[in-house]
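Colleague: I am new to reading protein models, and I would love some help with this one. Could we go through it together, one question at a time?

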Amino acid sequence: MGPPPVVTGISPKEGPPGTRVTIRGEFLGVSVTDLIGLKICGCDCLLSAEWKSKNKIVARSGPCKGRGDIIVATRSGGEGTSTVQFRGYHESVGPMKESAVWVEEAAPPSLPWGRRPMSPTAYTPPDPLGLSTEGDDCKFPEEELHELFPDGSSGKLSDENFQPGWYLLEHHSNTSYEDLKAGMVFLQRKVEGQKEGQLSFLKANTGAVMDQLDRLVLLKNMYEEDQRKNGREPLPSLQSAIEESISVADSLFSEILSRKENADKTREALSLLTRHKFLFQLPSSIDKNIRKKEFDLVVNDYTRAKNLFGNTDVKLFQKILAEIDKKIEELKENLHNRMKTMPINVQEQTKYIRLLISLNWEGDAAWTAILSRKDYLMSLMNKVKDHFKQKEEQEANEKGRRRARDGECDGPWGATRAAWCGAACGALAAELHALWPLARRYFAGELAGRPATPQRHTDLKEMIIAMVESFSEQMRSCLLSGGGAVGTASAEVLRARLVANLRHLRDAYESLLKLDLPSQPLSIVEKVIFDYRVHGMTVFLQRAHKRAKALVDKETWKIEEFSDYGAITNLPHTLEGHVGEALASINKCVLWCGRRERPLLADGGEPLAALQRHVQQTLLAFVAVLQELALRHDQDFNNTSLSVALDQRLDEALEAGEAGGRSWQQRLLIAGANAQYARRRTLANIAAAFDSYGLPEPTQAMQATREALSALESSIAETYLEHKGDPLVGTIEPSMYMGRHQADADAPVDDARPYVYEIVNNLIAVHAEVDSVCGAASSRYVRDICETVCEEIARLAACAPPAMNRAAAFQARLEYTLLRVAVAEHLTRKAENYLMEALAGLPPLENEEDKTRMDNIIQGFKKRMELQLASLNCNMETV
């Protein structure tokens, strides 16, 4: 059991019924459900109470009058106490009465030229001393003033028991003596000015004053003359004169008065007959008015009959009254059924409630009407659900094929679900707009029924929460079921349905906000809207993911442009379009927040994580598409001889291009170019799209995709090297050892052996194929193959026999040098080291003649192979 609540402050401190009051204090409850009672001046205000925190509650005052405490009751602390009081009053409104309104705490200050509330207490008389009054912080304590002036004195200028000392202490306790002397002089001048004003008034109206004096003298003379004639006691003579006149009048009007008495008796008899006629005709009159639905006349006639004959002892009258009571009981049952029969507007229902109360119906008519509206709303929601479920089943059975052929989306994105959402939202808003005002009037006592018990407040809250939760569950079943499946619907259809459904939900939410409902049912509806926005975002991203995965079947291998990263197809641009379309739909449809809605992508929230996750799935799906397109034809590669493959490669490429298809090597290289373009350009464009649409950039998704694309590029390069480099390297050793690496010591060496030219020609063929697709980015593939060739040369050099004559050493050095010269533009540091290792294993040239001969052979090689070397080294740029 916690400490009891204590109310220490209230704002404002007074007001008419319905005033919005802010209550502050301590231990005012630990949650919304902990608050179980709130009374202001004895009136129960729990229905309108909004628990803000353990130190603040906002509520509206009831029909209270006078001062009273503010009592808060909680489950954890029980009933509390109050150190402040609230004064309630009822204002009379008339044509000459200015109205005043309470300014809410959050409202901006009123403008100086705006309308201000006026009240009689707002007038403050000017200070008689001509001095400015001090503020509240300078006033003398009121308790000490009562102690100094215990005889009921007052400091108000208009009171009879006005005390100057009280006034000076209250308004000028801190005023200096010199200022008080100046005020005294001001007061004296003011009094003398008033006296002078009276004298000037008399001077200006001397004639009128003299006329008044003459009239007074005349009245005095007339009074003295009358006193001489009638004496000082004229009353006895006046009494005798009156009595004489009465006797004369009686003698004159005795006959008339007797006739008047007879007329009065006749009139009374006629009136009695009329009342009896009214009673006898009342049963038929009740039946006639009931048929005309003029129930007010029935109630008035019944009330009149009860007032006239309710206590009669006449058996005939009692018999007629019993018949009337029976008809009234039937009328009560009829009115009760009419009040419960839905649909019915609030005005009609309120009319039936008042009629039942006037007829002293035993039950609580207003509460029964509230329950009937609650039951009607619940049944209406179920009918809406059953109706559209049945309609969906019929459409699935009768028009399933046509809808699939036309591409119309099913499930939560269909037209039926949109109509379902609109109908349910409309039903909730309309019925709560009828139920909530009826409940407010019931708890405010305006329906004049039984007083509402505290349990009824709790029941009403639970009732509204149950209705809103039922609506929430139905909307989740309607809009969030189906796992986000959208079929083949277009983006325009999805956006239109989503916006329409959100509009229905927000219209219902806005209508509930206008009713000033408690925060708990409002939060339930807001959560549905928020979840539907998240669902819509997920659907758009899943749609982009699905379309990205479908790109594997839409690749035509048609080159759209030659970029800095090689020849690319439309695949990266298509991915960028799919993601951009999803982001545009999210920005247009679900990113915007309505009134009192949470931001969709708040930091650390699940929607932001879902956005990052789905974007990453979409981008990685694109990487998987590129990987499948690049490596799906590996099994088609046959290990034919490299000479045949390289001789026919360019012809196959031209023929494939003309025929509308491409070889697997070309597709492999195009996939690598697409991957590099996507990593360098497409991801940057997607990040810019996120920024342009006001969405947070998916940093983790971008990084994971870059790493996946980079790994894919390496995999494509390794695959190409495996299928191109290995056969090429495999031809080196047989060609090199055809002569067993031996040369005649006396035979002159003037050129390299054929295997060097074969390596160069093979590299030219590889470069031509790669350059036709990758352009400036082809250097990577040629470098890798050159590095593999140099590694094989170094291995073969290391395996050469150690006993090598001078001619053989010259021949080997020449061939390694010519190979180095041919591939100089493609040598990496690692390849350079391989060649240096091969050269290091050879004996150096011994004389200048060998060096000169070596240089001449190299220059001749360059001149003969100028065209080949230019083809091999053209358009080489590092990336």
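What follows is a friendly conversation about this predicted model.

Colleague: Let's begin with confidence. What is the mean pLDDT of the chain?

Modeller: Good place to begin, as this is a predicted model. Of the residues in the chain, 84% reach a pLDDT of 70 or more. Averaged over the chain, the pLDDT is 78.

Colleague: Over which residues does pLDDT stay under 50, with 17 contacts beyond four places in sequence?

Modeller: Where pLDDT is low, the predicted coordinates should not be read in detail. One stretch to treat that way has 17 contacts beyond four places in sequence, and it covers residues 94-123. Another stretch with pLDDT below 50 has 26 contacts beyond near neighbours in sequence, and it covers residues 634-660. The stretch you asked for is therefore residues 94-123.

Colleague: Now to the surface. Which helix gives the most to the nonpolar patch?

Modeller: The patch includes Phe 201, Leu 202, Val 209 and Met 222, and together its residues have about 880 Å² of accessible area. Helix H3 (177-204) and helix H4 (206-230) each supply at least two of its residues. With 7 residues, the one that gives the most is H4.

Colleague: Is Leu 213 buried, partly exposed or exposed?

Modeller: Leu 213 is one of the residues in the nonpolar patch, and its place is in helix H4. Its relative accessible area is 43%. Buried would need under 20% and exposed over 50%, so Leu 213 is partly exposed.

Colleague: How far apart are the end C-alpha atoms of residues 314-341?

Modeller: An unreviewed UniProt entry annotates residues 314-341 as "coiled-coil region". In the model, the span is 93% helix and 0% strand. Its end C-alpha atoms are separated by 40 Å.

Colleague: Let's look at the backbone. Which residue does a cis peptide bond join to Ser 11?

Modeller: Most residues other than glycine have a negative phi, and most peptide bonds are trans. At Ser 11, though, there is a cis peptide bond with omega of about -5°. Its partner sits in the loop between strand S1 (6-11) and strand S2 (14-15). That partner is Pro 12.

Colleague: And what is omega for the cis peptide bond that joins Met 342 and Pro 343?

Modeller: Pro 343 is in the loop between helix H7 (315-340) and helix H8 (346-358). The bond joining Met 342 to Pro 343 is cis. Its omega is about 5°.

Colleague: What is the phi of Lys 293?

Modeller: Lys 293 belongs to the loop between helix H5 (235-291) and helix H6 (295-309). Though Lys 293 is not a glycine, its phi is positive. The value is about 65°.

Colleague: Is Asn 360 buried or exposed?

Modeller: Asn 360 is in the loop between H8 and helix H9 (365-398), and its phi is positive, near 60°. Its relative accessibility is 61%. The cut-off for exposed is over 50%, so Asn 360 counts as exposed.

Colleague: On to charges. Which residue meets Glu 329 in a salt bridge?

Modeller: A search of the whole structure gives 24 salt bridges. In this one, N and O are 3.4 Å apart, and both partners lie in helix H7, 3 residues apart, about one turn of the helix. Glu 329 is partly exposed at 46% relative accessibility, whereas its partner is buried at 9%. That partner is Lys 332.

Colleague: Arg 495 forms a salt bridge with Glu 492. Is Arg 495 buried or exposed?

Modeller: The closest N and O atoms of the pair are 3.7 Å apart. Both residues lie in helix H13 (residues 491-514), so their spacing of 3 residues is about one helical turn. Glu 492 is exposed at 53%. Arg 495 has a relative accessible area of 17%, which makes it buried.

Colleague: One more: which residue forms a salt bridge with Glu 848?

Modeller: The closest N and O atoms are 3.9 Å apart, and the two residues are 3 apart in helix H25 (residues 848-864). Glu 848 is exposed at 55%, and its partner is partly exposed at 37%. The partner is Lys 851.

Notes: Residues numbered from 1 in each chain as written. Predicted model: local features only at pLDDT ≥ 70, side-chain atom pairs only at ≥ 80, totals over all residues. Heavy atoms only, no water. pLDDT = per-residue confidence, 0-100. Contact = heavy atoms within 4.5 Å. Patch = residues over 30% accessible without salt bridge, like charges linked within 9 Å, V, L, I, M, F, W, Y side chains within 5 Å. Areas by Shrake-Rupley, 256 points an atom, 1.4 Å probe, with all protein chains shown as cover. Salt bridge = Lys/Arg side-chain N within 4 Å of Asp/Glu carboxyl O. Helix = DSSP H or I, 4+ residues; strand = E, 2+ residues; numbered from the N terminus. Buried < 20%, exposed > 50% of the residue type's maximum accessible area, 1.4 Å probe, protein only. UniProt positions renumbered as here; feature names shortened; annotations may be inferred.
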